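Please look through the sequence and the model shown below before reading on. The paragraphs that follow lead from strands to helices, one region at a time.

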Amino acid sequence: MADICIIGAGPAGLMAAIHAAQGRAKVVVLETNTTAGRKLLLTGGGRCNFTHAGSPDEIAKAFGKPGRFLRHSLHEYAPERVREFFQWRQLPSSIEADGCVFPVSDQASDVRNVLVAEAVKLGVRIRYQSRVENIAATSDGFAICTESGQSLASRVILATGGLSWPQTGSTGDGFRFAAELGHVVVPPKPALVPLVAQEPWVSELAGVSLANVRLLATVDAHALATVGNMLFTQRGIGGPAAQDLSRRLTDALYEGAHSIPVEIDVLRGVDEGQLDKQLQRELQAQARKNVANVLSECLCFARQFSLTLCRLAGCGCDEQAGQLAGEKRRRLVRTIKRLPLSITGTEPIAKATVTRGGVSRDEIDPKTMESQIRPGLFFAGEVIDLDGPCGGYNLQMCWSTGALAGRSAAQQQTDAKSSL
């Protein structure tokens, strides 16, 4: 019988295992896949943006109101401690201009390998190809049933992830286990996911990227803005700016909003007056070229994007720069600064980076990550109703909740043995 059984060998589960083992607990990890950290390997485009350089309070604030639940765990295991954890194990990291933190090697596999090696070094048993079918409470702990048989443990940590990227093993099993053990599960929805637009012209721009844009949405008379890089997709928009916006639109879209207006400020560092003057100079200087070519050359827009802007602003594709009337130029400026889209939905949750929803925070003790309904049951990572923006925030949440759950479960186990 194990002291602690952890379900899931992702970032939260492995960090929980390491901290539980450091507390001298006998730990077993059950993992559905043949290897650990399948989803971790895909983060940051394979580079693994494993935390953010902000303070614990800044990280908590980025999660919005749910950040209050996270504050204790973030202070207990802050971003700087995460960087030190990997540094001490020969994996240094670097901070980029936007605060994102990556391993110097730029290899997500190095992050995963450090976690697995440390867990094994501490005596953690990781059992692969061990998909858990159900978990039942017993008089002295839990019975965990897998395809190969039953395991017993005094305490269980659910670190199964959510429903995003199911090909990595995130199939929502943890939600079912939590519900069967008496917990409320907030219905899962996609977060950090590409947005679907009503306008048919977006498909013409699929693959075109824009740097450092500002997206402004209006929901129930409230303005919601995000900034960052963006990418047009076959059905709408993706990339960090669009994915961050998706977190703030998902609830409204799933609660019945048919369409949410969004404006794209393609050149957010220049106001409309400045852009109008710049464009007027360039059009006059290159009077014999067509307007789309001038846009591409002076503003560094992709040719197809320039053509689309001209069409949406009412300019002819072959209209010469020197013949563009003042009103058309001003419409073009407005289109560049306030490119309108109508967002009608999101891509499916299988395409989302993280899951919005999960085990209700109201039933979890934020100072231990233990269930307030079922003693001995703990939670860590994306299985909890927590989701943050792009930029390493969600992995930091996994490290912090995982470390706290592992330490708390181990301390509880020690206290129980001492009382015998």
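Two strands are said to pair if DSSP finds at least two bridges between them. With that in mind, and remembering that this is a predicted model, we can begin with strand β1, residues 2-7, which is joined to strand β2 by four bridges, the two strands running parallel. Within this pairing, Ile6 stands opposite Val29 in β2. Strand β2 itself spans residues 27-30 and is covered on both of its faces, since Val27 and Val29 on one side, and Val28 and Leu30 on the other, are all buried. The residue that faces Ile6, namely Val29, is thus also one of the buried residues of β2.

From the strands we turn to a pair of helices. Helix α1 (residues 11-22) and helix α5 (residues 108-121) have axes that come within 9 Å and cross at roughly 30 degrees. Because angles under 35 degrees count as roughly parallel, α1 is described as roughly parallel to α5, and the crossing between α1 and α5 is left-handed. On the α1 side the contact is made by Leu14, Met15, Ile18 and Gln22, while α5 contributes Leu115, Val116, Glu118 and Ala119. It may help to recall that an α-helix has 3.6 residues a turn, so residues three or four places apart point the same way. Sorted by class, the contact of α1 with α5 has six nonpolar residues, one polar residue and one charged residue.

How many of the nine residues of helix α9 are buried? Seven of them are, so α9, which covers residues 291-299, is largely enclosed by the rest of the structure. The buried residues of α9 are Val291, Ala292, Val294, Leu295, Ser296, Cys298 and Leu299, and these pack against α8 (272-285), α10 and α11. After α9 comes Cys300, whose phi is positive, near 60 degrees.

Two of the helices that α9 packs against, α10 and α11, also pack against each other. Helix α10 (residues 303-312) and helix α11 (residues 326-337) meet at an angle of about 120 degrees, with their axes 9 Å apart, and α10 and α11 are therefore oblique to each other. The crossing of α10 and α11 is right-handed, and in it Leu309, Cys310 and Leu312 of α10 meet Leu332, Thr335 and Ile336 of α11. By class, this contact of α10 with α11 has five nonpolar residues, one polar residue and no charged residues.

How values were computed. Residues are numbered from 1 along each chain as its sequence is written. This is a predicted model: local features need pLDDT of at least 70, side-chain atom pairs count only at pLDDT 80 or more; totals for chains, interfaces and linings use all residues. Side-chain values use heavy atoms; hydrogens and water are left out. Axes are lines fitted to C-alpha atoms, for helices over the stretch in contact, and angles run from 0 to 180 degrees between N-to-C directions. Angles under 35 degrees count as roughly parallel, over 145 as roughly antiparallel, 65 to 115 as roughly perpendicular and the rest as oblique. A crossing is left-handed if the near helix is turned anticlockwise from the far one by less than a right angle, and right-handed if clockwise. Contact means heavy atoms within 4.5 Å. Ala, Val, Leu, Ile, Met, Phe, Trp, Tyr, Cys and Pro count as nonpolar, Asp, Glu, Lys and Arg as charged, and the others, Gly among them, as polar. Buried means under 20% relative accessible area, exposed over 50%, partly exposed in between (1.4 Å probe, protein chains only).
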